[in-house]
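Biologist: I have not met this structure before. Can we go through it together?

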Amino acid sequence: MKKLPLIVVLAIAMQALTYWPAALADMSHHHMLMDERGMVMNANSDKLPQDCQAISETVDLTIHAGQKHALAFNGKMFAFDQQQWDVKPCAKINITFINDDHIRHQLMIHGLPGYLYPDGMFHLELYGAGELKASLIVPSQKKTYLVHCELPQHMEKGMKAQLKVAGGDGDLPSIPGISAPIKADHYAIDWQQSTLFILLVCIIAGLLLPFIAVTLIKSKSKPL
Ligand SMILES: [Cu+2]
C-alpha cells in the first residue's frame, strides 16, 4: 500500500512529460498562437508580399465586435463597429481586435496570398470579452477582401465587412449599411379570403371602438 502514492506521483510525472512538450509545440506552432483568451493565426508583421518593394504605410486599426454594434442595422444581431476599411497597396495593418460580447467572435480576412497566409486567411478569435493584437501586410493588388466572423449565423446576422486595398475592386454583397444582399429576405403576405376578412374586422373595430368608448364615458358621467 505504501507504494501507491509513489505510483500516483510517477503516473502524474509521466503524463506531464508527455503532455507538456506537445502543448508547448502547439502554442509555438509557426502560424498559430493560442491561449485561454483566444487565438491568432497567420499573423505577419515582417514578410513582404512578392509584389511589394517596401511597406507603404502602417495603419493602426481598432476593430470592435459585438451585439451593440448591430443596433444600427435593422434585423441584424451581430456586427463590427465599422463595416469598411481602406488602405494603400503594401500597407502594414496593426489590428487591435476587441470583443465587447461575452460569447466567441472572430475576425477573419480571406483572399490573401497563400504563400504568406495559409489558406489565404488571417484569423483572430476571442472566446469572450477581451482584446487581441496582430499584424498583416497586404499585397499591392487593388482588391476587396472579405472580413467576417465565421461562427454559425454570425456573418448572416451582420458580422460582415470589407477591407479595400487601393479603393478595392467593388463592394461585396450584404455588407450592413453598404451593399444589398444578392438574395434579400422576402416576407410576402399570403392574401387569402380569411386574411382579408380579419383585416376588415380590424378596420371596423378600430373605427367603432372610439365611439363606443366615448358613449360609455358620457353615459357614466351623466348626473343622476
Ligand atoms: Cu461572431
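**A first look at the fold**

Modeller: Let us start with one residue: C90 counts as buried, with 21 C-beta neighbours inside 10 Å. Keep in mind that this is a predicted model.

Biologist: In which loop is C90 found?

Modeller: C90 is not a glycine, yet its phi is positive, at about 65°. Its place is the loop between strand 5 and strand 6.

Biologist: Is S174 buried or partly exposed?

Modeller: S174 lies in the loop between strand 11 and helix 2. Its phi is positive too, about 60°, although S174 is not a glycine. A residue needs 20 or more other C-beta atoms within 10 Å to be buried. S174 has 17, so it is partly exposed.

Biologist: How many helices and strands does the protein have?

Modeller: Read along the sequence, the pattern is α-β-β-β-β-β-β-β-β-β-β-β-α. That gives 2 helices and 11 strands.

Biologist: What share of the contacts with a separation of 6 or more joins residues 24 or more positions apart?

Modeller: The protein has 224 residues, and 21% of them count as buried. For the contacts you ask about, the share is 68%.

Biologist: What is the strand order in the open sheet of 7 strands?

Modeller: Strand 1 (32-34) and strand 5 (84-87) stand at the edges. Each has a single partner strand, so one side of each is left without a neighbour in the sheet. The pairing is mixed, and the order is 1-2-8-7-10-11-5.

Biologist: By what angle are neighbouring strands of this sheet turned against each other on average?

Modeller: Direction is ignored here, and the average is 15°.

Biologist: What is the bridge partner of W85 in strand 11?

Modeller: Strand 5 and strand 11 pair in the parallel sense, over 4 bridges. In strand 11, W85 has as its bridge partner L163.

Biologist: Which strands are the edge strands of the open sheet of 4 strands?

Modeller: The order is 4-3-6-9, with mixed pairing. An edge strand here pairs on one side only, which leaves strand 4 and strand 9.

Biologist: Over how many bridges do strand 3 and strand 6 pair?

Modeller: Strand 3 covers residues 58-66. One of its residues, A65, has N99 as its bridge partner in strand 6. The two strands pair in the parallel sense, and the number of bridges is 8.

Biologist: Which strand gives the most to the largest nonpolar core?

Modeller: In soluble globular proteins, nonpolar side chains tend to be buried together. Here the largest nonpolar core holds 32 residues, and L124 and V138 touch the most other members. Elements giving two or more residues include strand 6 (92-99), strand 8 (121-126) and strand 9 (130-137). The most, 4 residues, comes from strand 9.

Biologist: Which residues is V138 in contact with, leaving aside its neighbours within four places in sequence?

Modeller: The buried residue C90 is one of them. The full set is V87, C90, A91, I93 and V165.

Biologist: How far apart are the end C-alpha atoms of helix 2?

Modeller: Helix 2 has 29 residues, 193-221. At 1.5 Å a residue, it should span 42 Å. The model agrees: the ends are apart by 42 Å.

Biologist: Where in helix 2 does the kink lie?

Modeller: The kink is about 30° and comes shortly before the proline P210. It lies at L208.

Biologist: How many residues of helix 2 are buried?

Modeller: Helix 2 lies largely in the open. Of its 29 residues, the number buried is 0.

Technical notes. Residues numbered from 1 in each chain as written. Predicted model: local features only at pLDDT ≥ 70, side-chain atom pairs only at ≥ 80, totals over all residues. Buried ≥ 20, exposed ≤ 12 C-beta atoms within 10 Å, placed from the backbone. Contact = placed C-beta atoms within 7 Å. Core = buried A, V, L, I, M, F, W, Y, C linked by C-beta atoms within 7 Å. Expected span 1.5 Å × (residues − 1). Bend = angle between axes of the 7 residues up to and from the residue. Pairing = 2+ DSSP bridges. Axes fitted to C-alpha atoms, helices over the stretch in contact; angles between N-to-C directions.
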